[in-house]
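Got your viewer open? Here's a short walk through the model, stop by stop, with what to select at each one.

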Amino acid sequence: MAMKTAVWGNISAVLCALVCMAPVPAAAQETAGTLLAKLATLAPEARQKALLEGARAEKEVTFYSSLQPPQVEPFTRAFQKRYPFLKVNAARISGSKVVVRIQSEMNAGKNLVDVINVSGEEAAALKKVGTLDPYLSPQRDFYPPSAKDKEGYFTAMSFLTMVLGYNTNLVKRADVPKSYDDLLQPKWKGQMYLDNEAYDWFAVLLKHFGRDKGLQYMRALAKQELAMMRGRTAQAQLLVAGERAIGIVQSGNTMLDYKSRGAPLDMSILDPYLALSNSIMLAKHAVHPHAAALLIDWSLSEEGQSMVTSFGRVVLRKGVKPRFPELMQKELFVADGEFLAPLLEESAREFRQIFLAGR
């Protein structure tokens, strides 16, 4: 599938403050990435043997992930079935909280996390503050360039596609918005949700429309009496309940999952079709580097990716069948983490000025 790469993303005010902090000086010991880079010089069989031996000695791996709570446990359980000698200490953390937590741990001299799985904007912030190391997993060979950075810091474990979600009891099929301009119609006033941290969506639309036209559109949309709230899952639940008719920026997999279970929800794909990268990364000072490499390799493998797409997420590993092929029907506008950091603060500030001022 053809893809465009957008150098955009979102971040909260606290995240913006964190990325401006001076990175914590690296410890003198060898970093996880350096150790794994040495193992990469071995023949594949010897490298895998070294990883297994090292992981057996380490016995555990700590994983901070933004997967949904019902997804983290089966995902880690499947990994542990493959490597039963390893215990996975998994913590579900999303948004700016993961950056705050990891930065706080570093400042306190505690190296607790080994593998991190977060969205593009958090990935960019974590790299900025010096908490990541590159890791060129052999599994990256099965991914297109749009799913990985050249240095090896980020590999997209999945993509969250952003669609317009709507309650089918409240929106007639003929009235479903087909473009962003349709959302300015008077009949949708007071009938829509928008995430109060949709900075990435905001930036991508400004890129799509052009800055002046984009800002003009956003100001017009803000007059539509939007319900601003955090969390797409929470919005989806309210859409099911019929509290409002439309969720402007919803996860495509969530909409289709609810629909498959009989909920009165459906989706419409508007242009640009935004996809948020969700990357997996190596912590620079991982204390279980061999186990961390096994977890990253497995997460990016055909087995791991088959489990990820079973959650409804879009994956780009070759040969993996998607659960929801409907989400692959249009060209994606990918917002990745590689170039996000310089743009995060401005996007967040302008979004808050337009949509949250006075609230």
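Which residue with a positive phi follows α10? Select Gly-262: this glycine comes after α10, and its phi is near 90 degrees. Before moving on, a word on what you're looking at. This is a predicted model, where local features need pLDDT of at least 70 and side-chain atom pairs count only at pLDDT 80 or more, while totals for chains, interfaces and linings use all residues. Residues are numbered from 1 along each chain as its sequence is written, and side-chain values use heavy atoms, with hydrogens and water left out.

**Stop 1: helix α10**

Now select residues 252-260, which make up helix α10. Helices here are DSSP runs of H or I with at least four residues, strands are runs of E with at least two, and both are numbered from the N terminus. Seven of the nine residues in α10 are buried (under 20% relative accessible area; exposed is over 50% and partly exposed is in between, with a 1.4 Å probe and protein chains only). Colour Gly-252, Asn-253, Thr-254, Met-255, Leu-256, Asp-257 and Tyr-258 to see the buried set. Their packing partners are β6 (155-167), α9 (232-241), β9 and β10 (265-268).

**Stop 2: strand β7 and its partners**

Next, pick residues 192-195, strand β7. Met-192 and Leu-194 point one way, Tyr-193 and Asp-195 the other, and all are buried. Show β9 (residues 246-251) as well: β7 pairs with β9 in the parallel sense over two bridges (strands pair if DSSP finds at least two bridges between them). Look for Ile-246 of β9 opposite Met-192. Then add β8 (residues 227-229), which pairs with β7, again in the parallel sense, over three bridges. Here Met-229 of β8 is the residue opposite Asp-195.

**Stop 3: strand β12**

Jump to residues 332-335, strand β12. Leu-332 and Val-334 point one way and Phe-333 and Ala-335 the other, and all are buried. Bring in β11 (residues 274-283), which pairs with β12 in the parallel sense over three bridges. To find one bridge, select Leu-274 and its partner Phe-333 in β12.

**Stop 4: helix α4 between two crossings**

Select α4 (residues 69-82) and α11 (residues 289-300), whose axes come within 11 Å and cross at roughly 115 degrees. Axes are lines fitted to C-alpha atoms, for helices over the stretch in contact, with angles from 0 to 180 degrees between N-to-C directions. The two helices are therefore roughly perpendicular (65 to 115 degrees; under 35 is roughly parallel, over 145 roughly antiparallel and the rest oblique). On the α4 side, show Phe-75, Ala-78, Phe-79 and Arg-82; on the α11 side, Ala-291, Leu-294, Leu-295, Trp-298 and Ser-299 make the contact (heavy atoms within 4.5 Å).

Keep α4 and add α12 (residues 302-310): the axes are 10 Å apart, at an angle of about 160 degrees. That makes α4 roughly antiparallel to α12. The contact uses Pro-74, Phe-75, Ala-78 and Arg-82 of α4, with Glu-303, Gly-304, Met-307 and Val-308 of α12.

**Stop 5: Glu-60**

Finish at Glu-60, in strand β2 (residues 60-65). Is Glu-60 buried or partly exposed? At 29% relative accessibility, Glu-60 counts as partly exposed. Measure from its C-alpha to that of Val-287, 227 residues apart along the chain, and you should get 9.6 Å. Leaving aside neighbours within four places in sequence, the contacts of Glu-60 are Leu-86, Lys-87, Asn-89, His-288 and Ala-291.
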